[in-house]
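The following exercises ask you to read ring geometry, burial and helix shape from a structure, and each is followed by a solution in steps. Please look at the sequence and the structure before you begin.

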Amino acid sequence: MAAHVPAHVPSALEAERAALRRRQSVRSVLVGAVSTAVLGAVLVTVVVGSPGWERVRDTFFDPEVAAEALPAVLTGLWLNVRLLVFCALGALAVGLLAAVLRTLRGPVFFPLRALATAYTYGFRGAPLIIVLYLMAFGVPGLRLENTPSVLVLGGIALVVTYGAYIAEVFRAGIESVHPSQIAAARSLGLTYPQAMRWVVLPQAVRRVSPPLLNDMVALQKDVGLISLAGPIDAIRAAQIATAQTYNFTPYIVAGVLFVLMAVPLVAVTDQVTLRAARRQSAEGAR
């Protein structure tokens with residue numbers, strides 16, 4: 001028969017400390033709520049009380065124009081969502097490949113390292129809009145057969161640009177793994193590619209998950225630049241509606257939809273960052 005384990009009864013000091021923490025938490029929440037309300041009231045008073053508020057309200061926050069533009073902007077947003085998915089997968093693949101090439105050792109791999117280094121240096125420094133114009137308008141000008149559509153070329157511009165940033169994130173994760181782990185894997189009979197696949201990359205990806213997700217948030221915003229190449233996405237649909245109504249409210253509608261689309265990814269990023277910080281603190285304590 002199992003022995004009965006008595007329940008833990010907190011001492012008077014423990015109960016007092018717990019009550020103090022609860023009071024501090026309640027006080028912090030109240031102070032934060034009051035300060036937020038005061039700041040919000042001040043901002044609303046300043047904006048609404050400004051001399052040009054009525055004109056700005058009619059130009060940027062017209063509910064009737066927003067209701068008319070919403071269906072077209074939503075249809076265009078679906079294009080942005082699909083483009084985001086394919087560009088994110090492509091940028092991750094390109095970035096991982098470039099990072100692995102930059103970490104290869106030995107003189108025989110120097111051309112690959114040089115190529116990967118030139119790629120990351122070049123596209124990290126080039127403005128995205130210039131790369132987009134070059135791909136979307138320059139490549140079709142070559143008049144080659146089977147040239148992809150402007151949408152595909154714009155997606156390629158996003159992939160190669162963000163792939164350069166992601167490559168550096170992956171490279172930092174790979175180089176953070178101690179070389180002794182690769183040596184141990186090689187001593188067990190694994191080849192260098194197998195050691196990278198089963199030992200190094202899993203640890204590297206886990207360590208750089210927060211910055212990778214931050215890059216995905218940035219990519220989610222920049223897919224709207226595809227409108228500069230011509231496809232009717234949410235931004236282009238808003239531009240068309242603005243040209244028809246001479247009102248900028250459709251742009252606000254598109255911006256709000258982009259923010260709503262980013263909220264889940266931002267929340268996941270914050271959660272992953274918090275878990276990584278806790279894991280690192282626990283490892284440091286050990």
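**Exercise 1.** Is Phe123 buried, partly exposed or exposed?

*Solution.* The model is a predicted one, and the relative accessible area of Phe123 in it is 28%. Buried means under 20% and exposed means over 50%, so Phe123 is partly exposed.

**Exercise 2.** Which kind of aromatic pair do Tyr119 and Phe123 form, and where do the two residues lie?

*Solution.* A pair of aromatic rings is described by the distance of the centres and the angle of the planes. The structure holds six aromatic pairs. In the pair formed by Tyr119 and Phe123, the centres are 5.3 Å apart and the planes meet at 50°, a tilted arrangement. Both residues belong to helix H4, which covers residues 110-125, and they are four residues apart, about one turn of the helix. An α-helix has 3.6 residues a turn, so residues three or four places apart point the same way. Tyr119 has a relative accessibility of 16% and therefore counts as buried, whereas its partner Phe123 is partly exposed.

**Exercise 3.** Describe the pair formed by Tyr162 and Tyr165, and then the burial of each residue.

*Solution.* The rings of Tyr162 and Tyr165 lie 6.2 Å apart, centre to centre, with 50° between the planes, which makes this pair tilted. Because the two tyrosines are three residues apart in helix H6 (residues 150-176), about one helical turn separates them. Tyr162, at 7% relative accessibility, counts as buried, while Tyr165, with a relative accessible area of 35%, is partly exposed.

**Exercise 4.** What span should H6 have at 1.5 Å a residue, and where is its kink centred?

*Solution.* H6 has 27 residues and should therefore span 39 Å, and its end C-alpha atoms are indeed 39 Å apart, in agreement with that value. The helix nevertheless has a kink of about 30°, centred on Ala164. As for its surroundings, 19 of the 27 residues of H6 are buried, so that the helix is mostly covered.

**Exercise 5.** For residues 29-53 and for residues 121-142, how far apart are the end C-alpha atoms, and what percentage of each span is helix?

*Solution.* An unreviewed UniProt entry places the feature "transmembrane region" at several spans, including residues 29-53 and 121-142. In the model, the end C-alpha atoms of residues 29-53 are 33 Å apart, and this span is 84% helix and 0% strand. For residues 121-142 the corresponding separation is 26 Å, with 73% helix and 0% strand.

Note on methods: Residues numbered from 1 in each chain as written. Predicted model: local features only at pLDDT ≥ 70, side-chain atom pairs only at ≥ 80, totals over all residues. Heavy atoms only, no water. Phe/Tyr/Trp six-rings, centres within 6.5 Å; stacked < 30°, edge-to-face > 60°. Buried < 20%, exposed > 50% of the residue type's maximum accessible area, 1.4 Å probe, protein only. UniProt positions renumbered as here; feature names shortened; annotations may be inferred. Expected span 1.5 Å × (residues − 1). Bend = angle between axes of the 7 residues up to and from the residue.
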